[in-house]
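Biologist: Could you take a close look at the nonpolar core for me and walk me through what surrounds it?

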Amino acid sequence: MIIWENSLRELYNKMSAEFTWCERNGTSLGSVTEGITNINWKAIDDTTTWYTNPSSIINAGLNSYTKWNYCTFGGAYTTIANVTFSHYAGTFGPGLSLRCQKSMVVPEDKLPGSTPTRTADNVNTTPYDLSIIGSSVQLFIGPTSPAAIGKLLLNINPGDPNLLYTNYIVTQLQTTTAALPGDTVPITLRVEYDEN
Amino acid sequence: MKTERLKYLFEVVYTDGTVYKQSPEDESVLHPSKSSFYDVDVDNVEIFTLRGPGNEFYSVRFPSGEFQMNSDKWINQCNLGTTKKLVYYRRVTVDFQEGTTKAEKKIVFYLGWKYDGPGQCVLAIE
């Protein structure tokens, strides 16, 4: 029975590009976590401390650590194109805003990566407000790493390894003293891409 | 994140009458680390069909650009351009919810053509 389940999983994994959501933390983004399924903005820079833990809580008027996420595409595919990251549902309460690095327009717009901080908007000179439902940024894709050069709107499977990376998706939850105590309203974030 | 089983698999009839079918594993014959679409000679396609689990089908025919959907009737959906080239991709949507540990994935299939001008004419099939 176990053999059958394993075989089935392998068969499924070959049937479209394999998408993985990743986060980097720590000094020079040295710590990598692959395969997580959320973003929790916190007062601590990691993926392990749960958001209700006292060390995660952001006091009103302060900001979260910047989150440095990216997506990878593996498995059998020919091209990946038109990757977007958007705010799909849920609205934060008063005194909260979600900032994100700007849309990719040219390959040089990608960020090289730096140690997360709680300083407001230190990751880009023109950050984008992702607080509103429907707001969206364009991502580019390319081989080697999220910080590597060569990222484009459409890219082909580079082969050996079959991995394409988006540029870094850098977000930060910023607060004012108007922020209410307790959990935020949960929001849904969306990644969309074309594959063939 | 675990990938999804593809609801529709494609079949290609070329202008010389030969047929190519996407494998259930979606694996290229020419380059096994790529998908079946890598093998498609897009410049010589006569009919490109997506076939579903209940044998439902959606086809596009070249050079006319007509579409066929579960019937014998070919429909001219868009009257644009002269030179038409196959377009096929799957738009994948992945939703994450803050504070949870689950993500939801949805796939929509797009089939049609782009032409010698801006834009394209495609069917979106869920």
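**A look at the nonpolar core**

Modeller: Sure, let's start with the chain that holds most of the named residues below. Chain A has one helix and twelve strands (DSSP runs numbered from the N terminus: H or I of at least four residues for helices, E of at least two for strands). Its pattern along the sequence is α-β-β-β-β-β-β-β-β-β-β-β-β. Before going on, a word on the ground rules: this is a predicted model, where local features need pLDDT of at least 70, side-chain atom pairs count only at pLDDT 80 or more, and totals for chains, interfaces and linings use all residues. Residues are numbered from 1 along each chain as its sequence is written, while chains are lettered from A and ligands numbered from 1 in the order in which they are written.

Of the 196 residues in chain A, 37% count as buried (20 or more other C-beta atoms within 10 Å of the residue's own, against 12 or fewer for exposed and partly exposed in between, with C-beta atoms placed from the backbone). Contacts here are pairs whose C-beta atoms, placed from the backbone, lie within 7 Å. Among chain A contacts with a separation of 6 or more, 74% link residues 24 or more positions apart.

Now the core itself. A nonpolar core is a set of buried Ala, Val, Leu, Ile, Met, Phe, Trp, Tyr and Cys residues joined through C-beta atoms within 7 Å. The largest one has 38 residues, and those with the most contacts inside it are C71(A), F73(A), I80(A), V83(A), L139(A), I141(A) and I169(A). Both chains feed it: strands 1 (18-25), 3 (67-74), 4 (79-89), 5 (96-100), 10 (164-166), 11 (169-175) and 12 (188-195) of chain A, along with strand 7 (84-97) of chain B, each supply at least two residues. Strand 3 of chain A gives the most, with four residues. As a general backdrop, nonpolar side chains tend to be buried together in soluble globular proteins.

Zoom in on I141(A): leaving aside residues up to four places away in sequence, it touches I80(A), V83(A), K151(A), L152(A), N155(A), L164(A), Y165(A) and T166(A). There's also a second, separate core of 18 residues, including V40(B), F62(B), F109(B) and L111(B).

For contrast, try T18(B), in the loop between strand 1 (9-14) and strand 2 (19-21) of chain B. T18(B) counts as exposed because it has 11 C-beta neighbours inside 10 Å.

How values were computed
Contact = placed C-beta atoms within 7 Å.
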